[in-house]
Amino acid sequence: TESKKAPLEQLLQQAVSQNKQLGVSRTESQYWKQLEGNVFEAQRTQIGAEYGNINSAKNDTRFFINQSFSLPVVYQRQKAYYSAKFTSGELGVRWKEQELQKEVKLLFYEMTDLLERQKLLQQLDSVFKRSMEAATLKLKTGESNLLEKTNAEAQWQQLQWQQKQVQSDLLIAQQKMQWLLNSK
């Protein structure tokens, strides 16, 4: 049973490390983490000068520098907001990881089931083919009627259709797995 666990574990690790949607969620979470560290945002410094009759009949000269800051509580609330968004993002990433792992596991077991069905149908194929050949031989020797031969052919054709359906389902499952793992 160890050989069956290793590929699943490998697929789960690959899904967590390479899935693009999960990567976007991680990047968004890190965005909020970086904003949390850079809360202080000073306004632009304004420098100016005035010359002319401002306060009296004589020409006045006035130079000024203006810098505005927000109250410390504003910066504290911004930091708390960014911190909450980061925490929320991290929880979202963990939740998406769990969902992704669940999807990979379900798909893995579905593919395992389809491969086992494929083996079983291949074994049945040889049995039904021999049955069809036997019915054809019986019809030639006169031991049977056309209905038995037609019935054997219909069962074999139905089995062929089931094999094609399983193969198609397996291909779809493989493509889903490739998409989840972001791999070829």
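Residues count as buried when their relative accessible area is under 20%, and this cut-off is needed for the legends below, which describe close-up views of a predicted model.

**Figure 1. Gln-163 on helix 4 and the residues that it touches.** Gln-163 is found in helix 4, and because its relative accessibility is 19%, under the 20% limit, it counts as buried. Once residues up to four places away in sequence are set aside, Gln-163 touches Leu-121, Gln-122 and Asp-125.

**Figure 2. The whole protein chain, shown as context for the close-up views.** The secondary structure of the chain amounts to 4 helices and 2 strands, which follow one another along the sequence in the pattern α-α-β-β-α-α. The C-alpha trace spans about 135 × 40 × 25 Å along its principal axes, and the radius of gyration is 36 Å, whereas a compact globule of 184 residues would have a value near 16 Å. Of the 184 residues, 23% count as buried, while the chain exposes about 14100 Å², with carbon and sulfur atoms supplying 53% of that area. Among contacts between residues at least 6 apart in sequence, 69% join residues that are at least 24 apart.

**Figure 3. The largest nonpolar core of the chain.** This core has 21 residues, and those with the most contacts inside it are Leu-11, Leu-100, Val-104, Met-177 and Leu-181. At least two residues of the core are supplied by each of helix 1 (2-18), helix 3 (72-141) and helix 4 (146-181), and helix 3 gives the most, with 8 residues. In soluble globular proteins, nonpolar side chains tend to be buried together.

**Figure 4. The surroundings of Met-177, and a second core.** With its neighbours within four places in sequence left aside, Met-177 is in contact with Leu-11, Val-104, Leu-107, Phe-108 and Met-111. A second core, separate from the largest one, consists of 5 residues, among them Trp-32, Tyr-75, Tyr-82 and Phe-86.

**Figure 5. A nonpolar surface patch that includes Leu-71.** Leu-71, Val-73 and Val-74 together make a nonpolar patch of about 240 Å² on the surface. Leu-71 itself is found in the loop between strand 2 (60-66) and helix 3, and it counts as exposed because its relative accessibility is 60%, where the limit for that class is over 50%.

**Figure 6. Thr-112 on helix 3 and its separation from Leu-170.** Thr-112 is found in helix 3, and with a relative accessible area of 32% this residue is partly exposed. Although Thr-112 and Leu-170 are 58 residues apart in sequence, their C-alpha atoms are 9.3 Å apart in space.

**Figure 7. The backbone at Asn-182, in the segment after helix 4.** Asn-182 is not a glycine, yet it has a positive phi of about 55°. Asn-182 lies in the segment after helix 4, and its relative accessible area of 36% makes this residue partly exposed.

Notes. Residues are numbered from 1 along each chain as its sequence is written. This is a predicted model: local features need pLDDT of at least 70, side-chain atom pairs count only at pLDDT 80 or more; totals for chains, interfaces and linings use all residues. Side-chain values use heavy atoms; hydrogens and water are left out. A nonpolar core is a set of buried Ala, Val, Leu, Ile, Met, Phe, Trp, Tyr and Cys residues joined through side-chain atoms within 4.5 Å. Buried means under 20% relative accessible area, exposed over 50%, partly exposed in between (1.4 Å probe, protein chains only). Contact means heavy atoms within 4.5 Å. Patches are made of residues with over 30% relative accessible area and no salt bridge: like charges are joined within 9 Å, nonpolar side chains (Val, Leu, Ile, Met, Phe, Trp, Tyr) within 5 Å. Accessible areas come from the Shrake-Rupley method with a 1.4 Å probe; for residues, only the protein chains shown count as cover. A salt bridge is a side-chain nitrogen of Lys or Arg within 4 Å of a carboxyl oxygen of Asp or Glu. The radius of gyration is taken over C-alpha atoms; the globule rule is 2.2 Å times the number of residues to the power 0.38.
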